[in-house]
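Q: I should like to learn how to read the features of a protein model. Could we go through some of them together?

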Amino acid sequence: MCNCESLISSRSLRQKAETSSTPKKKHTDMEESSGNRSFGEYCVQRQVLNEVRLDEVAQKMTWTAKPTFRERLKDSVRCSVPRAKEVLLSWVPVLGWLPKYSIRENAIGDLISGCSVGIMHLPQGMAYALLASLRPVFGLYTSLYPVLVYFIFGTSRHISIGTFAVISIMIGSVTERLAPDSNFLLNATNGTGSVNINERDAYRVQIACSLTVLAGLFQILLGVVRFGFVVTYLSEPLVRGYTTGSACHVLCSQLKYLFGVTPARFSGPLSLIYTLVEICRLLPQTVVPELVVSLVSLAVLIVVKELNQCYRQKLPLPIPIELIVIIGATIITHFCDLSAKYNIDIVGEIPSGLKAPQAPDVNLFPAVIGDAFAVAIVGFAINISLGKTFALKHGYKVDSNQELVALGLSNSIGGCFQCYSVTSSLSRSLVQESTGGKTQVAGLISSIIVLITVLKIGSLFEALPKAVLSTIVFVNLKGMFKQFNDVPMLWKTNKVDLLVWLVTFTSTILLNLDLGLAVSIGFSMLTVIFRSQMPHYSILGQVPSTNLYLDVETYKEAREIPGIKIFRSSATIYYTNADMYLEALQEKSGIQIGKLLAAKKKQEATLMQQEKRSNKIEAKQPKVSNLPNGTSLDEKKISTAELEGQNFKRGVALKLTESPANGFNQGQVNWAYQSDTPEPNSHTKCQFYDSLTQTSNDKKGANNAPGPHSIILDVSTTSFVDTVAVKTLRNIFRDLGDVGVEVYLAGCQACVVEQLERAGFFSESLPKSRLFVTIHDAVLHILNKLGQTDVILDVSYTTKM
């Protein structure tokens with residue numbers, strides 16, 4: 001039997017043959033006729049293909065056995081010069097691209113970009129160190145060592161590694177929790193007294209470095225085991241909602257410098273709310289000169305940054321307004337002695353030179369292990385999202401696993417040099433990319449500028465007001481607060497993603513950064529589960545004269561084929577939704593398997609009782625051979641027994657007719673977990689099938705729409721099957737077959753067929769020939785089996801597009 005899928009009927013083929021015998025038109029006429037067609041046409045003429053026939057036609061290959069674990073391990077440790085070189089280049093990428101570095105093409109752009117980013121590192125490093133509750137010099141260290149490490153091991157050419165507001169505030173929440181001011185009071189009387197700032201800051205540095213090293217070890221471990229895909233579970237709405245909530249924490253933490261007040265420190269859930277309330281309570285104590293310095297700096301930064309944005313196409317370099325403000329504020333404060341006259345809080349001592357590395361305090365690891373893992377995941381999520389964005393724009397590849405290793409080494413090595421955790425910064429990365437940066441050499445140049453600052457000119461910024469650093473933080477939060485625009489956009493596009501964004505933002509605000517992240521990830525996972533638990537189930541119908549089968553509730557032209565139900569689920573069938581799949585199939589098809597099987601069992605029991613009763617009546621009757629000549633059987637008794645049997649059959653059919661057609665929500669049974677029952681004998685099955693057909697015709701006789709005799713399960717959306725799904729499908733075939741309905745699978749992927757074979761799905765009663773390549777193949781097979789040639793010619797063979 002042939003299937004022409006786009007499709008040409010046998011009559012059309014004959015017409016074409018007749019047309020070909022007539023004289024051909026001119027070539028121009030043919031071009032005109034083809035030019036009038038709005039769409040292309042195609043014709044495929046082939047046999048109806050089930051899975052068995054497909055294996056023959058397509059010549060399915062028999063795969064050899066997979067190598068054992070021992071063989072794979074042996075192959076992985078086998079060493080050769082090319083393999084060693086490949087491994088070395090994969091773990092140390094700088095050895096691959098630096099020898100090929102083109103000075104003529106890249107040097108100028110990298111130099112300008114590196115200088116621009118280096119200038120940005122100075123104010124941001126000092127400002128973000130305050131977020132981590134550390135002295136500004138540690139922000140400069142953090143802008144130096146990790147950048148050098150990433151230059152060697154990183155794969156992104158445009159991101160700028162260093163301090164970042166969100167990571168800094170996460171570090172600060174830990175340092176303030178484990179080293180509060182109350183633990184370092186001098187001459188404390190009734191909870192009052194001065195704070196030993198030097199001792200407190202030294203202990204906070206130990207905490208930050210230990211947390212950073214542990215976070216780096218987590219990242220290295222995840223990268224080595226090729227676990228870079230873990231970041232895919234942090235969806236973009238989750239990351240953007242989390243960074244927006246973190247920006248609110250950053251903003252709140254810097255208000256004390258803006259107003260010059262000293263609020264009490266809070267930690268744990270609702271700490272943001274408590275801090276805001278405390279700052280509002282202390283507003284009458286605002287240091288007015290410090291507020292004036294903050295407002296002037298804020299105004300200058302905002303105006304010049306807006307000018308940079310408006311004239312970014314005309315300016316060769318963005319105006320380094322942050323550095324200019326820092327230099328100007330430092331000079332004015334120093335020469336006007338504002339710190340002594342107006343009690344303005346300044347940065348204080350900034351030691352020159354570099355400090356020797358020291359090992360982290362491992363005794364602090366148990367106290368910071370949870371925070372370290374959160375910092376590792378969030379830092380990597382921000383880093384890889386920016387890296388992949390620039391890689392896609394400029395046409396190169398970023399290795400997520402190698403990025404984990406590079407970021408982990410940056411943190412682990414940096415933590416030994418008194419740095420805290422780093423990740424890429426959006427503002428610095430945009431400057432590095434927009435000023436012509438081509439490679440990681442730009443990061444190397446920026447670190448050189450930071451190194452010069454630390455060695456020679458860092459002490460010149462000791463008179464810098466902390467309020468100025470706070471205004472730099474405020475201005476750089478603009479990009480994060482713009483993410484509030486995601487709310488109306490997600491409202492229009494995807495309500496579930498909007499819910500993830502809002503839950504993430506709210507939990508981050510109310511539960512703090514660590515608990516907020518955990519709640520956000522848990523909620524995001526729940527949305528995935530709920531989506532798989534709520535797929536769209538549909539009955540498909542054929543678009544007339546095509547091989548297209550579409551949802552009858554969505555497309556007006558899609559019409560069901562009489563007697564055939566085509567059922568589709570939008571999700572993979574597995575253990576979480578197997579029961580729902582079975583229930584939806586019964587609801588959509590109108591066949592209640594449980595009720596029909598119960599009625600069948602009742603009918604079988606009644607037939608057995610009737611057979612026993614008939615046997616008893618026959619036993620009471622004398623045998624014909626033993627009757628004397630001239631006598632006859634008691635015809636009245638025999639007629640009565642036959643009449644009783646006929647009445648019984650009518651009674652069964654009547655009961656089936658009176659049962660509701662759709663009892664979907666009334667006492668469903670979990671058929672996926674029912675044990676397999678033996679096949680009934682063919683005599684009983686045929687009797688019940690006749691009764692069911694008669695009942696269906698009686699129920700739907702007014703509409704001339706008999707019940708379905710065949711069901712096609714479209715499993716093209718299923719990418720895998722587990723044991724529960726296999727058992728569910730097997731029971732569907734068995735139970736519907738018991739009530740006289742044939743079941744077929746269509747669109748089954750090769751990997752799913754292999755899984756079904758391994759699970760022992762196929763048998764003599766359920767052959768592989770029940771699987772068809774497409775829905776159309778299954779429909780043609782059913783119609784041909786029923787001998788409906790008129791439908792075949794009109795519906796199946798002729799298709800117009």
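A: Certainly; please bear in mind that this is a predicted model. You may begin with a residue and its place.

Q: In which helix does K620 lie?

A: K620 belongs to helix α26, which covers residues 593-620.

Q: Is K620 buried or exposed?

A: The idea is to compare the relative accessible area with a cut-off: exposed means over 50%. K620 has a relative accessibility of 71%, so K620 counts as exposed.

Q: Which residues form a positive surface patch with K620?

A: The partners of K620 in this positive patch are K612, R613 and K616.

Q: How should one read the spacing of residues along a helix?

A: An α-helix has 3.6 residues a turn, so residues three or four places apart point the same way. For a case here, take helix α31, residues 775-786. Its buried residues include I775, A778, V779, I782 and L783.

Q: What span does helix α31 reach from its first C-alpha to its last?

A: The 12 residues of α31 reach 17 Å, close to the 16 Å expected at 1.5 Å a residue.

Q: What follows α31?

A: The residue after α31 is G787, with a positive phi near 75°.

Q: How is the sign of phi to be read in residues other than glycine?

A: Most residues other than glycine have a negative phi. Two cases with a positive value can be examined here: R226, with a phi near 60°, and Q418, with a phi of about 65°.

Q: Where are R226 and Q418 placed?

A: R226 is in the loop between α11 and α12 (236-259). Q418 is in the loop between α18 (400-416) and β6 (423-424).

Q: Why does Q418 count as buried, and why does R226 count as partly exposed?

A: Buried means under 20% relative accessible area, and partly exposed lies between that value and 50%. Q418 has 11% and is therefore buried. R226 has 43% relative accessibility, so R226 counts as partly exposed.

Q: Which residues form a nonpolar patch on the surface?

A: This patch is formed by V87, W91, L221, V224, V225, F227, F229 and Y233, with about 730 Å² of accessible area together. Two elements each give two or more residues to the patch: α5 (81-91) and α11 (197-224).

Q: Where is L221 found, and is L221 buried or exposed?

A: L221 is in helix α11. Its relative accessible area is 52%, so L221 is exposed.

Technical notes. Residues are numbered from 1 along each chain as its sequence is written. This is a predicted model: local features need pLDDT of at least 70, side-chain atom pairs count only at pLDDT 80 or more; totals for chains, interfaces and linings use all residues. Side-chain values use heavy atoms; hydrogens and water are left out. Patches are made of residues with over 30% relative accessible area and no salt bridge: like charges are joined within 9 Å, nonpolar side chains (Val, Leu, Ile, Met, Phe, Trp, Tyr) within 5 Å. Accessible areas come from the Shrake-Rupley method with a 1.4 Å probe; for residues, only the protein chains shown count as cover. A salt bridge is a side-chain nitrogen of Lys or Arg within 4 Å of a carboxyl oxygen of Asp or Glu. Lys and Arg count as positive and Asp and Glu as negative; His and the chain ends are not counted. The place of a charge is taken as NZ of Lys, CZ of Arg, CG of Asp or CD of Glu. Helices (H or I, at least four residues) and strands (E, at least two) are DSSP runs, numbered from the N terminus. Buried means under 20% relative accessible area, exposed over 50%, partly exposed in between (1.4 Å probe, protein chains only). The expected span of a helix is 1.5 Å times one less than its number of residues.
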